[in-house]
Amino acid sequence: MRKRIPCAILSVALVCALLVGCSGEASSNSQAPSNAASSSNSSSASSAESESEATSDSASSSEAPDVVKDQMPIVTCTGVRSVSMTKDNMQQEVYTCFQIKNPNEKQTVRSLCLELTFYDANGNTVKTETMVLLPTIAAKDTVWVSHSTNVWGDSSKEKNERVTRVSYKLNSVVSNAVFVDQEEIQTPSSSELVVSNLSRPNGANKITGIVTNKGKRKVTVILSSVYKCGSTMEAGNSAAVDYLAPGESMAFEIDASNEPEKYDSYGVYPQVNALW
């Protein structure tokens, strides 16, 4: 069974006020970490560059513990990209790419969300999203998340400024069960969700491939396209594969109609959306 979803990670009506973990800010005209991703070659490098920062508010002991546990993930925004849908920038599709690291050695982390605030070139706040849900992340795993959102401008203006910056804050959507024993829950890591047979069919604005579950749990997988543009990693769109059992493989298809105009290479990165 295959299911496509839009890149935006669905917002839900939950109270997002607990367990603040980390925050940061990224813009479309500054440099970001160049974390290389497994990808196939494509167009030339982009001139767009981004920067991101993330800090952890989790208190650390004066003595290093034997096992790292109960630590909030480290979130880094690696790219901010605005696609104008109208000449006056009245409607923009804004893509943000996040690298998320779970530092806990024996714990899955789940039930987390990002609060995002978007700014235009003049520093004005143009949109806030309070509940961008994040994937379930296995112990010591790193995942890549592509997010997109529509931003509407001010109709009274002749032309609106493009979105160039985003700030973000990590929150928990529940009061407990954020950290779960990895051996108990057996969350597949991103390396156990193997993406293969990546292809760009001629004349089609889509990426196709196959994902195989080599973990021990049945999962719903989100597959995000990410583009390497010079020193930045830029977000594309996403697709979902439901109920992928251990040892099973399924085909997927990701819309590529709003990909960056120029890029060095692209990759598709899996995340666990749900455990079954």
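Let's start with confidence, since this is a predicted model. The chain has a mean pLDDT of 81, and 77% of its residues reach 70 or more. Two stretches fall below 50. One covers residues 1-21, and beyond near neighbours in sequence it still has 66 contacts in the model. The other covers residues 29-61, with 95 such contacts. A word of caution for anyone zooming in: where pLDDT is low, the predicted coordinates should not be read in detail.

Now please look at one of the sheets. In what order do its three strands, β14, β15 and β18, run? The order is β14-β15-β18, in an open sheet with antiparallel pairing. That puts β14, residues 193-199, and β18, residues 249-255, at the edges; each has a single partner strand, so one side of each has no neighbour in the sheet. If you ignore direction, neighbouring strands here are turned by 30 degrees against each other on average.

Let's zoom in on one pair. Strand β15, residues 206-213, is joined to β18 by seven bridges in the antiparallel sense. For a spot to find on your screen, try Ile207: its bridge partner in β18 is Ile254.

Last stop, the inside. How many cavities of 30 Å³ or more does a search of the whole structure find? One, and its volume is about 30 Å³. Among the residues lining this cavity are Thr136, Asp141, Ser190 and Leu193. Strand β19, residues 265-275, gives the largest share of the lining, with three residues. By class, the lining has seven nonpolar, four polar and one charged residues.

Thanks for listening, everyone!

Conventions. Residues are numbered from 1 along each chain as its sequence is written. This is a predicted model: local features need pLDDT of at least 70, side-chain atom pairs count only at pLDDT 80 or more; totals for chains, interfaces and linings use all residues. Side-chain values use heavy atoms; hydrogens and water are left out. pLDDT is the predictor's confidence in each residue, from 0 to 100. Contact means heavy atoms within 4.5 Å. Two strands pair if DSSP finds at least two bridges between them. Helices (H or I, at least four residues) and strands (E, at least two) are DSSP runs, numbered from the N terminus. Axes are lines fitted to C-alpha atoms, for helices over the stretch in contact, and angles run from 0 to 180 degrees between N-to-C directions. On a 1 Å grid over the protein atoms alone, a cavity is a set of points where a 1.4 Å probe fits but cannot get out, and a pocket is an open set with protein on both sides within 12 Å along at least five of seven lines; lining residues have an atom within 4 Å of a point. Grid points are joined across faces, edges and corners, and a volume is the space filled by probe spheres set on the points. Ala, Val, Leu, Ile, Met, Phe, Trp, Tyr, Cys and Pro count as nonpolar, Asp, Glu, Lys and Arg as charged, and the others, Gly among them, as polar.
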